[in-house]
Amino acid sequence: MQEGFKLENQKLVEHLKLMGIKDEKVLNSILQVPRHIFLPKNLWKVAYSDDALPLEQGQTISQPYTVAVMLEALELKKGDKVLEVGTASGWNVCLIAKIIDPGIIYTTEIIKELAEFAKKNIKKIDIKNIEIIHTDGSQGYEKEAPYDKIIMTCACKEVPPPLFSQLKDNGILVAPVGSKFSQQMIKIIKQGKNLNKDYLGDFIFVPLKGKYGF
Ligand code: SAH
């Protein structure tokens, strides 16, 4: 990574620590994956600010703090099989891929142009344990189910039922649930027929589309 970006990324990680992020695996992964390469060039100067930033097609790359909260909640481990709904830039999927290697992350994106954009971005760094699928991820990705962990990076009214059935027993799902305009981050641990829920605070995401979308 270029020296200037490296310093900015280190500052971002220090800021995330001050905000309460403790998981070393998550912080290291953010240090290792350059965020600017997932953004259009005109945004490189603000790539390491703790902000959500605009992408094509009215979508956004998530705010680093938000991403860090979600990844910490997922309790990621080496060898995990993960599903993400909402690839967009591909930044989040790369952060997860680094942590779970040699596990695999499958990520779904409903907008074809963004699935292509993410593929191009990911080629620029040496990460192989990712599969990007252009599909309606509100229905999950049955082909590779069940998953140890599932993360939704777009807002839903309620967690789409197929995602629960595609989650392993003792698996963890993290998703922003609420209205189109504001959501509660929910962490769910599946234990047999029980779904144990924990609330992680208020956040704002772009809305889920597709069969179980808004
Ligand atoms: N994780 C991303 C940010 C996600 S933004 C990153 O690291 O950059 C949310 C994305 O979810 C958008 O790209 C949007 O197109 C996508 N999306 C919305 N509904 C979807 C669906 N049903 N299936 C898959 N992707 C969806």
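**View 1. Pro-146 and the cis peptide bond before it, in a predicted model.** In this predicted model, Pro-146 is located in the loop that runs between strands β5 (130–134) and β6 (147–152). The peptide bond that leads from Ala-145 into Pro-146 is cis, and its omega angle is near 5 degrees.

**View 2. The cis peptide bond between Asp-101 and Pro-102.** A cis peptide bond is also present where Asp-101 is joined to Pro-102, and here omega is about 10 degrees. Pro-102 belongs to the loop between helix α4 and strand β4, and these two elements span residues 91–100 and 105–109, respectively.

**View 3. Helix α4 and its cover.** Helix α4 is mostly covered, since nine of its ten residues are buried. The buried residues are Trp-91, Asn-92, Val-93, Cys-94, Leu-95, Ile-96, Ala-97, Ile-99 and Ile-100. The helix also takes part in the surroundings of the ligand, for α4 is one of the elements that each supply at least two residues of the shell.

**View 4. The ligand and its shell of residues.** The ligand sits in the largest pocket, and 27 residues are around it, of which Ser-89, Glu-109, Asp-136, Gly-137 and Lys-209 come nearest. Sorted by class, this shell consists of eleven nonpolar, twelve polar and four charged residues. Strands β2 (60–61), β3 (82–85) and β4 (105–109), together with helix α4 (91–100), each contribute at least two residues to the shell.

**View 5. Polar contacts of the ligand.** Two side chains approach oxygen atoms of the ligand: a polar side-chain atom of Ser-89 lies 2.6 Å from one such oxygen, and an N or O atom in the side chain of Glu-109 is likewise 2.6 Å from an oxygen atom of the ligand. At Ile-110 the backbone takes part, with a polar backbone atom 3.2 Å from a nitrogen atom of the ligand. Of the 590 Å² of accessible area that the ligand has on its own, the protein covers 100%.

**View 6. Glu-84 in strand β3, with Ile-110.** Glu-84 has its place in strand β3, and it counts as buried because its relative accessibility is 1%, where the limit for a buried residue is under 20%. Glu-84 and Ile-110 are 26 residues apart along the chain, and their C-alpha atoms are separated by 12 Å.

**View 7. His-36 and its contact with Tyr-48.** His-36 lies in the loop between helix α2 (24–32) and strand β1 (53–54). Its side chain is joined to that of Tyr-48 by a polar contact of 2.7 Å. With a relative accessibility of 5%, His-36 counts as buried.

**View 8. Gln-57 and Ala-88, with positive phi angles.** Gln-57 is found in the loop between strands β1 and β2, and its phi angle is near 60 degrees, a positive value in a residue other than glycine. Ala-88 is found in the loop between strand β3 and helix α4, and it too is not a glycine, yet it has a positive phi of about 45 degrees. Are these two residues buried or partly exposed? Gln-57 is partly exposed, because its relative accessible area of 42% falls between the limits of 20% and 50%, whereas Ala-88, at 11% relative accessibility, counts as buried.

Technical notes:
Residues are numbered from 1 along each chain as its sequence is written. This is a predicted model: local features need pLDDT of at least 70, side-chain atom pairs count only at pLDDT 80 or more; totals for chains, interfaces and linings use all residues. Side-chain values use heavy atoms; hydrogens and water are left out. A residue is near a molecule or strand if one of its heavy atoms lies within 4 Å of it. A polar contact is a pair of N or O atoms within 3.5 Å; within protein, one must be able to donate a hydrogen and the other to accept it, and residues adjacent in sequence count only if both atoms are side-chain atoms. Accessible areas come from the Shrake-Rupley method with a 1.4 Å probe; for residues, only the protein chains shown count as cover. On a 1 Å grid over the protein atoms alone, a cavity is a set of points where a 1.4 Å probe fits but cannot get out, and a pocket is an open set with protein on both sides within 12 Å along at least five of seven lines; lining residues have an atom within 4 Å of a point. A molecule sits in a cavity or pocket if more than half of its atoms lie within 2 Å of its grid points. Helices (H or I, at least four residues) and strands (E, at least two) are DSSP runs, numbered from the N terminus. Ala, Val, Leu, Ile, Met, Phe, Trp, Tyr, Cys and Pro count as nonpolar, Asp, Glu, Lys and Arg as charged, and the others, Gly among them, as polar. Buried means under 20% relative accessible area, exposed over 50%, partly exposed in between (1.4 Å probe, protein chains only).
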